[in-house]
Amino acid sequence: MSEFERDMSKYAELIVKIGANVQKGQEVYISSQIEGAPLARLVVEHAYKAGASNVVVDWADDTLTRLKYDHASPDVFSKFPEWEKMRRNGVVEREGCFIFLNSSNPDLLSGVDPKKIGDSQKAAGEALVVYRQATAADKIAWTIAASATKAWAAKVFPGESAELSVRKLWQAIFDAVRLHAEDPVDNWRRHDADLHARAAWLNEKRFSKLHYRAPGTDLTIGLPKRHLWMTAGGTRPDGIGFMKNMPTEEVFTVPHRDGANGYVSSSKPLNYGGALIDRFKLTFENGRIVGVEAEEGEAMLKQIVETDEGSHYLGEVALVPHRSPISNSNILFYNTLFDENASNHLAIGLGFPFTIEGGKTMSPEELKAEGVNSSLTHVDFMIGTADMDIDGIMEDGTVVPVFRGGNWAY
Amino acid sequence: MERFERQLSRYAELIVKVGVNVQQGQDVFVASQIETAPLTRLVAAEAYKAGAANVYVDWADDTVSRLKYDYADPEVFRNFPAWETLKRNSFVERGACFISFVSSGPDVMKDVDPQRIGDYQKAAGAGLADYRRAVQSDKIAWTVAAAASEAWAQKVFPGDPADIAVEKLWLAIFDAVRLHADDPVAAWQAHDRALHDKVDWLNGLRLRKLHYKAAGTDLTVELPDRHVWVGASSRTPGGIPFMANMPTEEVFTAPRRDGVNGYVTSTKPLSYAGNLIDRFKLTFEQGRIVGVEAEEGEDILKRLVDTDEGSHYLGEMALVPHRSPISESNILFYNTLFDENASNHFAIGSGYAFNVEGGKTMSQEELAASGVNTSITHVDFMVGSAEMDIDGILEDGTIVPVFRHGNWA
């Protein structure tokens, strides 16, 4: 076995043990590009070794996806197949886990009619409500990890041969997920503990607002009274832990739906369903997005904001130091999973129930009353820079430095 | 474009136009291994060009399937997922056409617990019963075609390195589907007419039974009164022609369920559910299989026969001259799609509704009354050889030579 093959197998093991934390007798659902088969097959193998009762791989192929967007009948996009809903819900009901091997090609859907993309996202959002609620409330274990493909690698390392760029992207992924630590599984447990300590400090402070300042950004975000700072480490109702994102560097909570005022500028491109949106600015009044400007992909961005009522508001606020393994690599990944973990970010749309005390068992109405936004969509976008300062403002007006010069202030 | 890519693209076009004959606004369901994605992508592109509303590819991967057979919970093989049934049926209901690519290695499931294979075949047979009925009564357009994989190619060309073997197998597939004709679509139309001439001759004879004689074989097969020989292209209820198999060299009909007597010996290995069964002999009494012997894979063969009641009887008898393009290639494909078109064969299990007059609109009970077997399975096996003689016997006892020394008499 070559070193690369060994790394790939260690990575698959990490995804199974730390990511989804597959349990004996559990069903495992994996989604993967067919190009990512070598990793997917290893994940299948490790999942069975961990005692999985059944592993189902949902294969996709970007070439076919693009053919479909270009040539399929327009009404195909507004329908989500009943059988697909049944498959997802079945895994949820049987308390299986989900492993998403993500290898998005950032330009896959460039030039595609944004309406088709919007219709498709909306149809999936509506059809997969049960599944979405289960993942949002930590009822089931799930994880998103990356798998390198030629198209993605070519975007990240332009100018290199296909073979070399794919190899470089794999190395970057392995570095970002701390695969080269002596005991990667144990190392992840410690990393998880570090992030938990940050979250605990923030939870103790009970900030009522955060104030963001950077060139192009002057934004105040109100936080709900009972907000909870979280990490990507999740816990099922029965106490089984899992890691929703690999890599992860963020601590995050939910903003108060009506509490955002001011403006914020993006600091990295946003890849949405294969379309690229770049250099954009959003303006907020009492939480609502009242201004949308983008130098690239403005129509797509407006489409996202118009998805439903909730997509006019924020659902997540996340803190990530500018100094982190991903950030230090100085690689722009064109992929939210990585770029969000190299940068402070916000999300348009759905707020996660688990980011509020008692939220996992609240009804949609109760969540709304607490200030948690609801929407069919949830889209992260990056705003962090090396010169960003963030103040935490307490109930009594006390100002506590949270970030200085892009990094934790304490 | 490279020569190979050009040929692959022509092949994709043939599958879309002659195979399923994709219609404007139609959904297309494609079953493919991920390894053969280059062909499948071309087929999808051709299907959209032909006006498909949506092309859905049902990907599979033998490596993942094998891991499942080796490690999954035994329960998994007994339960066919309801969503899979719903998926298949929803495409049938929308009048989709179905393209299935065969590409697996013939023994990818070697040494897997036969119980698991038997359980899964049974569960899938029941779960996909509606789909199977739609296929077997020509309610929908469907085609089975081949795509070369490494595992398959290495079995067919064992002495060659993997890439050479795959290339050779592609060329053999292209030859078998007449891709090298100047106008492959026209060549298929001519081939279709030639097979239909044989069909017309056999249907004109109104044979009562066929008597097969060869080394290891002495078998009499009665035909239903209203049997219909068919071959090459079929038609959907809407009159759309399609080619259910590519390649195809056979003309076939349904034997009378209880009219088979004697014994028959296989002449080619049979790859069933990823296992090889070879050198086997079946004995029949009044249609029912009463004896099963195999030098290789006997356990798997017995499980196949025990799938359900109908799998103890024959559902199809097919005539293929020993002299045919596939046969003359002298390649043993270890694959039913090819081997069945190089050899006389039978199928264990369900018969096709269209093999009796009016059968397409008959209920299951009516089909059984007219002598057609029903089962959740249908598996072809080869019996033809260079020395096989087949006599046709008319109602009045007159003997008509149908095959002599392996070829049309």
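In H5(B), the buried residues are B:Ile117, B:Tyr120, B:Gln121, B:Lys122, B:Gly125 and B:Gly127. This is a predicted model, and the helix just named is a convenient place to enter it. The cover over the buried residues of H5(B) includes H4, H6 and helix H10 (298-305) of chain B. The length of the helix can be checked as well: at 1.5 Å a residue, the 14 residues of H5(B) should span 20 Å, and the end C-alpha atoms of H5(B) are indeed 20 Å apart, which agrees.

From this helix the view can be widened to the domains of chain B, which are domain 1 (3-176) and domain 2 (192-231 + 247-408). The centres of domain 1 of chain B and domain 2 of chain B, taken over C-alpha atoms, are separated by 24 Å, and the contact involves 26 residues of domain 1 of chain B and 26 residues of domain 2 of chain B. On the side of domain 1 of chain B that touches domain 2 of chain B, two or more residues each come from helix H5 (114-127), H6, strand S4 (142-146), helix H7 (150-156) and helix H8 (162-176) of chain B. H5(B) provides the largest share of that side, seven residues, and by class the side of domain 1 of chain B that touches domain 2 of chain B has 14 nonpolar, six polar and six charged residues.

Chain A can be read in a parallel way. The domain assignment of chain A gives domain 1 (3-176) and domain 2 (206-231 + 249-408), and 24 Å lie between the centres of domain 1 of chain A and domain 2 of chain A, again taken over C-alpha atoms. Here the contact takes 26 residues from domain 1 of chain A and 24 residues from domain 2 of chain A. The elements that give two or more residues to the side of domain 1 of chain A that touches domain 2 of chain A are helix H5 (114-127), strand S4 (142-146), helix H7 (150-156) and helix H8 (162-176) of chain A. Of these, H5(A) gives the most, with seven residues, while the side as a whole has 13 nonpolar, seven polar and six charged residues.

The two chains also touch each other, in a contact that takes 26 residues from chain B and 25 residues from chain A. At least two residues each of the side of chain B that touches chain A are supplied by helix H2 (37-49), strand S2 (54-60), helix H3 (62-71) and helix H4 (82-93) of chain B. That side of chain B divides into 17 nonpolar, four polar and five charged residues.

H4(B) deserves a separate look. Its buried residues are B:Lys87, B:Arg88, B:Phe91 and B:Val92, and, seen down the axis of H4(B), they fall within an arc of 135°, so they line one face of the helix. An α-helix has 3.6 residues a turn, so residues three or four places apart point the same way. The buried residues of H4(B) pack against helix H4 (82-93) of chain A together with strand S1 (27-33) and helix H6 (129-136) of chain B. After H4(B) comes B:Gly95, whose phi is positive, near 75°.

Turning to the interior, the largest nonpolar core has 220 residues, and among those that touch the most other members are A:Ile15, A:Ala20, A:Val43, A:Ile99 and B:Val28. Leaving aside residues up to four places away in sequence, A:Ile15 touches A:Ala20, A:Val43, A:Ile99, A:Thr143, A:Ala145 and A:Met246.

A:Met246 leads to some backbone details. Most residues other than glycine have a negative phi, and most peptide bonds are trans. The peptide bond from A:Met246 to A:Pro247, however, is cis, with omega near 5°, and the bond from B:Met246 to B:Pro247 is cis with omega near 0°. A:Pro247 is found in the loop between strand S9 (245-246) and strand S10 (251-253) of chain A, whereas B:Pro247 has its place in the loop between strand S9 (241-243) and strand S10 (251-253) of chain B.

Positive phi values occur at two asparagines. A:Asn286, in the loop between strand S13 (275-285) and strand S14 (288-296) of chain A, has a positive phi of about 45° although it is not a glycine. A:Asn286 counts as exposed because it has 12 C-beta neighbours inside 10 Å, and it touches A:Asp258 and A:Asn261, not counting residues up to four places away in sequence. B:Asn21, with phi near 55°, lies in the loop between helix H1 (3-19) and S1 of chain B, and B:Asn21 is buried, with 20 other C-beta atoms within 10 Å.

Definitions and conventions
Residues are numbered from 1 along each chain as its sequence is written. Chains are lettered from A and ligands numbered from 1 in the order in which they are written. This is a predicted model: local features need pLDDT of at least 70, side-chain atom pairs count only at pLDDT 80 or more; totals for chains, interfaces and linings use all residues. Two residues are in contact if their C-beta atoms, placed from the backbone, lie within 7 Å. Helices (H or I, at least four residues) and strands (E, at least two) are DSSP runs, numbered from the N terminus. Ala, Val, Leu, Ile, Met, Phe, Trp, Tyr, Cys and Pro count as nonpolar, Asp, Glu, Lys and Arg as charged, and the others, Gly among them, as polar. Domain bounds come from an automatic or database domain assignment. A nonpolar core is a set of buried Ala, Val, Leu, Ile, Met, Phe, Trp, Tyr and Cys residues joined through C-beta atoms within 7 Å. The arc is that of the directions from the helix axis to the C-beta atoms. The expected span of a helix is 1.5 Å times one less than its number of residues.
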